[in-house]
Structures are given as C-alpha cells and as structure tokens.
Amino acid sequence: MSYSADLLKDQKALVTGASSGIGEAVARHLAQAGAAVVVNYRSEQEDAEKIVQEIRARGGDAIAIGADVSKEEEVNAMFEQMLREFGTIDILVNNAGIQNDASFLDMTLQQWNSVINVNLTGQFLCAREAAKEFMRRGVQPNVSCAAGKIICMSSVHEVIPWAGHVNYAASKGGINLMMRSIAQELAPHKIRVNSIAPGAIKTDINTEAWSSPEEAAELRKLIPSDRIGVPDDVAKAAVWLASDDSDYVTGTTLFIDGGMALYPAFAHGG
Ligand code: NAD
C-alpha cells in the first residue's frame, strides 16, 4: 500500500471487528493514509494489541478497544472511550460480522438472532453513535469536506441469494436498505454513508471455501476474474470511500468481487 499520509491526516477512524481479516487490513490501510485508528475487537485482545503496536511502529496512531457490537451498552462505552482518547470520530467502518450456517429447516432462532444481532443491529448501533458525534461536531474544513463518513461492510449476498445461509443473506440485504436510508437522511448534514460488498476474500470466515486446491478451483468458477480476493483489495476501496476523493459518493454499494455478482453462469449463453 502506498498513500500520502496527508490523505486522512487528523482524522479519527473506528474499525469494528479489526483484529483479523478484512477489518485488520482496513485498519492498517487507514493508518497508512494518516488516520488515527481504533482497532475494535470482541475477544481477541492480543491480536488487536499486536496490530496497534505494528501501526505505531510505522509511525501511526492506534488504540485497541474491546466491545461486542451487538450490545448497546458495550457500543456506547466504546464510543465514550474513543471520544475521550481521540477527541472525536470522522470515519466509521462497520466491519464486524459472523456466519452461523444451517439449512433453512434446521436453523434455530438462536442462529438467526446471533447473525442478525451482530451483522445488522451491530452496524445500526455503531452508525447511530458515530452520526451523533458527526452532527454535534459538524464539518471541520481543514480536516475533511464531510462531517463524517460511514462505511458498511456488506457482501455480494446483499443481492445474491445464498441457500443454507438465510440469516447471513438477510443481514446483508438489510444492510443495503439501512445504509441507503441513513445516507438519504444524513446527506443534508454532509455525512456520507456507503457500503462495500466483497465477493470471496481469503479470511478466517470462509477458510473451508479456499484452503484446498479443489475447493479453491470450485470457488474460482464463480469469479469471472478467476482470482480469489485478498483483504487488501477491500481495504483500498475503504480508504477511497473514507477520503474526500469520494466526496460526491453517498448511498452507494461498491462491489469488490472480481465480477462475482455478474451471474457468471450466464457468461456462455445461460
Ligand atoms: P473475520 O472472521 O476475519 O472477521 C470478522 C471480525 O468480526 C472478527 O475479527 C471477529 O472477531 C469480529 N466480530 C465478530 N463478532 C463480533 C462482535 N459481536 N463484536 C465485535 N467484533 C466481532 O472475517 P472477514 O472475512 O474479515 O469478515 C469481515 C466482514 O466482511 C464481515 O462483515 C463479513 O460478513 C464481510 N465479508 C467477508 C467476505 C469474505 O469473503 N471474507 C465476503 C463478503 C463479506
């Protein structure tokens, strides 16, 4: 990665679920672009602290804060700590997410609720707290032309149905209209809200889909670009959406998927 450290200079960012995978990469890229970063984790404190140390070793600014994004009191405490330590927030990356898969008939209410609570309610709770601070503080012209930026980590499954994963697909479909409704409501206040919809990205969440050569080959059949993505692919898009380079972009979903959402099975006549 190579950004001017001025790109997000003096901006404070919170990345949820940043102790691994896409969130970790996003935290590292935002720091590289000059933002001070909160690395949120649920229980992997050691991993989060290591990322913080590595960001600081490269001259950046970061702290780790533990919070379960599905719990209102923990989200509120995380924002209080961030505002105490960093003074404000300019960028929220709503990244934390889980899968808890089962066929539809076997899916328990607990499995349904666990995914909706983290993937959808967690994003609502964090977005609301960030927006309150954006509204309170307003635009600081020497920092950014926006009062704040929210980036929601969605998935290609906000549009592609996914048998055996109805809770996950419903949570991501929900993010689409949540994000666009918030974007519509907050645009007059110079708050930008967008989503990123990754395709297949090599992380812990989907190891079984790419760890053997046979499985990886099967997965690549779904990807017109014939390459499984890496967290850096997503992080670069997050930096752009967080920066003033995307000042006229709000309420949109950026697909970072090597073409996975292009119905690849129809490439040869359907
Ligand atoms: P990951 O498992 O490495 O990351 C998920 C992170 O969320 C973990 O660090 C985990 O600790 C954290 N988390 C889980 N529950 C939490 C909670 N209640 N509170 C706070 N943090 C919590 O997997 P990833 O692939 O990096 O996933 C990141 C996001 O990207 C998720 O929203 C996922 O749905 C989305 N996504 C991933 C892919 C992919 O192919 N990897 C594709 C589309 C979307």
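Student: Is D68 buried or exposed?

Tutor: This is a predicted model. Compare the relative accessible area with the cut-off: buried means under 20%. D68 has a relative accessible area of 16%, so D68 is buried.

Student: Where is D68 placed?

Tutor: Look at the elements on either side. D68 is in the loop between β3 (62-66) and α3 (72-86).

Student: Which residues is D68 in contact with, leaving aside its neighbours within four places in sequence?

Tutor: Contacts of this kind link parts of the chain that are not sequence neighbours. D68 is in contact with R42, E74 and V75.

Student: Now the sheet. In what order do the strands stand?

Tutor: Read across the sheet, not along the sequence. The order is β3-β2-β1-β4-β5-β6-β7. These seven strands form an open sheet, and their pairing is parallel.

Student: Which strands stand at the edges?

Tutor: Count partner strands. β3 and β7 (253-256) each have a single partner, so one side of each has no neighbour in the sheet. From one strand to the next, the twist averages 20 degrees.

Student: How many bridges join β1 and β4?

Tutor: Three bridges pair β1 (residues 12-15) with β4 (residues 91-94), in the parallel sense. For a residue-level view, find L14: L92 in β4 stands opposite.

Student: Which strands does helix α4 lie across?

Tutor: Check the strands, then the angle. α4 (residues 109-137) lies across β4, β5 (148-153) and β6 (191-198). Its direction is at about 175 degrees to β4. Helix α5 (residues 166-186) lies across β5, β6 and β7, and runs at about 160 degrees to β6.

Student: How many residues has α8, and what span does it reach?

Tutor: Set the span against the expected value. Helix α8 (residues 231-242) has twelve residues. From first C-alpha to last it reaches 16 Å, close to the 16 Å expected at 1.5 Å a residue.

Student: Which residues of α8 are buried?

Tutor: Go through the helix residue by residue. The buried ones are P231, V234, A235, A237, A238, V239, L241 and A242. What covers them includes α1 (21-32), along with β4, β5, β6 and β7.

Student: Last, the second largest pocket. Which residues line it?

Tutor: Take the space, then the lining. The second largest pocket holds about 200 Å³ of space. Its lining is M1, A5, R28, A31, Q32, G34, A35, E54, I55, R58, G59 and G60. The elements giving two or more residues to that lining are α1 and α2 (45-57). α1 gives the most, with three residues.

Notes. Residues are numbered from 1 along each chain as its sequence is written. This is a predicted model: local features need pLDDT of at least 70, side-chain atom pairs count only at pLDDT 80 or more; totals for chains, interfaces and linings use all residues. Side-chain values use heavy atoms; hydrogens and water are left out. Helices (H or I, at least four residues) and strands (E, at least two) are DSSP runs, numbered from the N terminus. Buried means under 20% relative accessible area, exposed over 50%, partly exposed in between (1.4 Å probe, protein chains only). Contact means heavy atoms within 4.5 Å. Two strands pair if DSSP finds at least two bridges between them. Axes are lines fitted to C-alpha atoms, for helices over the stretch in contact, and angles run from 0 to 180 degrees between N-to-C directions. The expected span of a helix is 1.5 Å times one less than its number of residues. On a 1 Å grid over the protein atoms alone, a cavity is a set of points where a 1.4 Å probe fits but cannot get out, and a pocket is an open set with protein on both sides within 12 Å along at least five of seven lines; lining residues have an atom within 4 Å of a point. Grid points are joined across faces, edges and corners, and a volume is the space filled by probe spheres set on the points.
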